[in-house]
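The exercises below ask the reader to work through helix geometry, sheet topology and side-chain contacts, each with a solution in steps. Please have the sequence and the model open while working.

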Amino acid sequence: NKCRKPVYDLINNQKYSVCKLIDGQRIPEIEYMQNMYLSKIIFSPYGFGAYGTPRDIQSHQFGSVLIKPRMDWVNTTPNMYLEDETYIACKEDFSDLEEKVDYTLSNYKELQPYLTENARKKLIEVYNPKNLVLHTYNIFKELNHIITE
């Protein structure tokens, strides 16, 4: 789609080993998961959704560095996207993607544990049932005609 094609074109023309569809064919799920597990970087463009996509969460589970377009425009609570703390942000037009990939690979030994552990902690916090209940409560208490007892 329009969101993903520019990034695929850019990535496919780089010197890196890239996991991708071959002739538009999907690979079996277990092979897909194995490829993600072996990947140093997982890229998640907007075309897969902006917030909380399975690929983003899987990248943290597998210990891969997540690179995705800047998420600071998403006004949400709870927020698991903290630039340079839980993911590496690139520009929406991907003009700095090659630079971000080079930066990540050049600093991988420092970035990978830092970003992965921060992201995992943030996911546990964000999806903690207590926090989800409090978040929902705070939404309802701000609505008109809602009365608390």
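**Exercise 1. Compare the expected span of helix α6 with the distance between its end C-alpha atoms.**

Solution. Helix α6 covers residues 129–141, which is 13 residues, where helices (H or I, at least four residues) and strands (E, at least two) are DSSP runs numbered from the N terminus. The expected span is 1.5 Å times one less than the number of residues, so α6 should span 18 Å, and the end C-alpha atoms, being 18 Å apart, agree with this. At the N-terminal end of α6, N128 acts as a cap, with a side-chain oxygen 2.7 Å from the backbone nitrogen of K130; a polar contact is a pair of N or O atoms within 3.5 Å, of which, within protein, one must be able to donate a hydrogen and the other to accept it, and residues adjacent in sequence count only if both atoms are side-chain atoms. L132 also belongs to α6 and, at 33% relative accessibility, counts as partly exposed (buried means under 20% relative accessible area, exposed over 50%, partly exposed in between, with a 1.4 Å probe and protein chains only).

The model is predicted, with local features requiring pLDDT of at least 70 and side-chain atom pairs pLDDT 80 or more, while totals for chains, interfaces and linings use all residues. Residues are numbered from 1 along each chain as its sequence is written, and side-chain values use heavy atoms, with hydrogens and water left out.

**Exercise 2. Describe the order of secondary structure along the chain and the arrangement of the strands.**

Solution. The protein chain contains six helices and three strands, which follow one another as α-α-β-α-β-β-α-α-α. The three strands make an open sheet in the order β1-β2-β3 with parallel pairing, two strands being paired if DSSP finds at least two bridges between them. Because β1 and β3 each have a single partner strand, they stand at the edges, and one side of each lacks a neighbour in the sheet. Between β1 and strand β2 (residues 65–69), the parallel pairing runs over three bridges, and F43 stands opposite I67 in β2.

**Exercise 3. Find the aromatic pair that contains F43, and say whether its two residues are buried or exposed.**

Solution. Searching the whole structure gives three aromatic pairs; rings of Phe, Tyr and Trp (its six-membered ring) pair if their centres lie within 6.5 Å, and planes under 30 degrees apart count as stacked, over 60 as edge-to-face and the rest as tilted. One of the three joins Y37 and F62, edge-to-face at 6.3 Å centre to centre with 70° between the planes, and it links helix α2 (residues 29–38) to helix α3 (residues 54–62) across 25 residues. Y37 is exposed at 52% relative accessibility, whereas F62 is partly exposed at 25%. For F43, the partner is F94, the ring centres being 5.8 Å apart and the planes at 70°, so this pair is edge-to-face. F43 lies in strand β1 (residues 41–43) and F94 in the loop between β3 (88–90) and α4 (97–106), so parts 51 residues apart in sequence are tied together. Both are buried, F43 at 14% relative accessibility and F94 at 7%.

**Exercise 4. Where does S39 lie, and which backbone oxygen does its side chain reach?**

Solution. S39 is placed in the loop between α2 and β1, where it counts as buried at 18% relative accessibility. Its side chain reaches the backbone oxygen of N35 at 2.6 Å.
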